[in-house]
Amino acid sequence: MKKIFLLLFAALFVAGQAPAQSTGGIEFESGSFTDVLKKAQESGKLVFMDCYAVWCGPCKLMAKEVFPQKIVGDYFNKNFINYKLDMEKGEGVDIAKKYGIKAYPTFLILNGDGKELGRIVGGAPAEEFIKKVQKTVEGISE
């Protein structure tokens, strides 16, 4: 009985130590908006910000169907510091006012200083969404 218990305990311990598996989709940063801007400055990347509301159907669709796709993750994780924020809670309320967010989902492209460089309103299927963001980024001249 002790051997079985020890084997079970060891198996659970090893399983708990395994690294989390990435889905291949967009990896969103946690932390504050200020933390994300600092990380963008340090990395030299732009910020891709998903401005959403919990009641928003298209926001949920993007989060469930588009953002987890590998093709989307490959593009966004390579090119951006990715951040998502509920615009109706916490610091999201002030950020929504600052950037004039009136519709959901709204996606902002920001530099490390928080300056808005581009905006996309509304979702789209993965390939189309990537193209919209690429076109927005191509139009940015800093």
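The dialogue below walks through how to read a few features of this predicted model.

Colleague: What should I know about the model before I start, and how many helices and strands does the protein have?

Modeller: This is a predicted model, in which local features need pLDDT of at least 70 and side-chain atom pairs count only at pLDDT 80 or more, while totals for chains, interfaces and linings use all residues. Residues are numbered from 1 along each chain as its sequence is written, and side-chain values use heavy atoms, with hydrogens and water left out. Helices (H or I, at least four residues) and strands (E, at least two) are DSSP runs numbered from the N terminus, and here the protein has 6 helices and 5 strands. Read from the N terminus, the elements follow the order α-β-α-β-α-α-β-α-β-β-α.

Colleague: Which share of the residues counts as buried?

Modeller: A residue is called buried under 20% relative accessible area, exposed over 50%, and partly exposed in between, using a 1.4 Å probe and protein chains only. By that rule, 39% of the 142 residues of the protein are buried.

Colleague: Why is strand β2 described as largely enclosed by the rest of the structure?

Modeller: Strand β2 covers residues 46–52, and 6 of these 7 residues are buried, so the strand is largely enclosed by the rest of the structure. Asp 50, which has its place in β2, is itself buried, with a relative accessible area of 3%. Contact means heavy atoms within 4.5 Å, and, leaving aside neighbours within four places in sequence, Asp 50 is in contact with residues including Phe 28, Phe 67, Tyr 83 and Phe 107.

Colleague: Which strands pair with β2, and in which sense does each run?

Modeller: Two strands pair if DSSP finds at least two bridges between them. Strand β3 (residues 80–86) pairs with β2 in the parallel sense over 7 bridges, and Tyr 52 stands opposite Asp 86 of β3. Strand β4 (residues 106–110) runs antiparallel to β2 and is joined to it by 5 bridges, with Cys 51 standing opposite Thr 106.

Colleague: Where do the buried residues of helix α2 lie, and what do they pack against?

Modeller: In α2 (residues 33–43), Phe 33, Val 36, Leu 37 and Ala 40 are buried. Taking the directions from the helix axis to the C-beta atoms, they cover an arc of only 100 degrees around the axis, which puts them on the same side of α2. On the other side of α2, Thr 34 and Glu 42 are exposed. The buried residues of α2 pack against β1 (28–29), β2, β3, α5 (91–99) and β4.
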